[in-house]
Amino acid sequence: MRGLSGHPTLRRLLCGALARGPGLFARPNSGGPSWTRERTLVAVKPDGVQRRLVGAVIQRFEKRGFKLVGLKMLQVPESVLAEHYHDLRRRPFYPALISYMSSGPVVAMVWEGPNVVYMSRAMIGHTNSAEAAPGTIRGDFGTHISRNVIHASDSVEGAQREIQLWFQSSELVDWADEGHHSSTGPA
């Protein structure tokens with residue numbers, strides 16, 4: 001029986017073969033952490049909140065070593081959803097998506113860490129829960145493509161846009177993480 005490290009996608013992920021884009025690589029700088037500060041938006045959707053999965057999601061990101069710098073629960077205004085899902089507005093499922101996302105509370109978070117955008121996408125799994133690998137958030141908790149528990153930004157640029165849409169800068173906390181080296185690089 002092969003272990004998880006024998007799974008081809010996981011093996012490429014662990015070896016870094018899937019990491020792409022200049023914003024996803026660690027770059028040393030002078031005097032600070034050895035990685036470029038990267039942030040991503042993660043949102044537990046209404047089905048995840050209703051099923052009491054917020055704590056499980058937070059725990060997975062914390063265990064990965066990412067730093068939580070923003071957190072709020074909200075009933076998302078349709079204006080925010082319309083901007084967030086702007087590129088899907090011509091798709092037939094768009095009205096149902098907006099209706100669903102405004103049907104209950106969402107827990108929005110901003111996580112920080114090296115390669116956090118790419119790693120978050122790997123952690124949440126395929127959009128269609130039926131195709132999401134076991135061990136991913138959607139693979140473990142998703143019930144349907146339209147009830148897949150979680151959203152995470154799909155690119156560094158997308159994350160920057162989404163964070164500005166969902167959070168005021170005053171809602172983000174820049175705090176020292178001196179006791180936990182996995183999110184600040186080598187000691």
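User: At what distance from the centre of the Trp 175 ring does the charged end of Lys 67 sit?
Analyst: This is a predicted model, in which local features need pLDDT of at least 70, side-chain atom pairs count only at pLDDT 80 or more, and totals for chains, interfaces and linings use all residues. Residues are numbered from 1 along each chain as its sequence is written, and side-chain values use heavy atoms, leaving out hydrogens and water. A charge sits over a ring if NZ of Lys or CZ of Arg is within 6 Å of the ring centre and within 35 degrees of the ring normal. For the charged end of Lys 67 over Trp 175, the distance to the ring centre is 5.1 Å.

User: Over the face of which residue does Lys 72 lie?
Analyst: Lys 72 is placed 4.7 Å from a ring centre. The ring whose face it covers belongs to Phe 167.

User: Why is the pair of Phe 61 and Trp 111 classed as stacked or tilted?
Analyst: Rings of Phe, Tyr and Trp (its six-membered ring) pair if their centres lie within 6.5 Å; planes under 30 degrees apart count as stacked, over 60 as edge-to-face and the rest as tilted. Phe 61 and Phe 66 lie 6.4 Å apart, centre to centre, with 45 degrees between the planes, and this pair is tilted. For Phe 61 and Trp 111, the centres are 5.2 Å apart and the planes stand at 25 degrees, so the pair is stacked.

User: How many residues apart are Phe 61 and Trp 111 along the chain?
Analyst: Helices (H or I, at least four residues) and strands (E, at least two) are DSSP runs, numbered from the N terminus. Phe 61 belongs to helix H3 (residues 54-64) and Trp 111 to strand S3 (residues 106-112). The pair thus links distant parts of the chain, with a separation of 50 residues.

User: Which strands stand at the edges of the sheet?
Analyst: Strands pair if DSSP finds at least two bridges between them. The open sheet has 4 strands in the order S2-S3-S1-S4, with antiparallel pairing. Two of these strands have a single partner each, so one side of each lacks a neighbour in the sheet: S2 (67-74) and S4 (150-152).

User: Which residue in S3 stands opposite Ala 43?
Analyst: Strand S1 (residues 39-44) and S3 run antiparallel and are joined by 6 bridges. Opposite Ala 43 stands Ala 108.

User: Which helix gives the most to the largest nonpolar core?
Analyst: A nonpolar core is a set of buried Ala, Val, Leu, Ile, Met, Phe, Trp, Tyr and Cys residues joined through side-chain atoms within 4.5 Å; buried means under 20% relative accessible area, exposed over 50%, partly exposed in between (1.4 Å probe, protein chains only). The largest core has 25 residues, of which Phe 61, Met 109, Trp 111, Ile 137 and Ile 150 touch the most other members. Elements that each supply at least two residues include H3, S3 and helix H6 (116-124). With 6 residues, the greatest contribution comes from H6.

User: Is Val 149 buried or exposed?
Analyst: Most residues other than glycine have a negative phi. Val 149 has a positive phi of about 75 degrees although it is not a glycine, and its place is in the loop between H7 and S4. At 0% relative accessibility, Val 149 counts as buried.

User: What is the relative accessible area of Arg 52?
Analyst: Arg 52, in the loop between helix H2 (46-50) and H3, has a positive phi of about 60 degrees although it is not a glycine. This residue is exposed, its relative accessible area being 69%.
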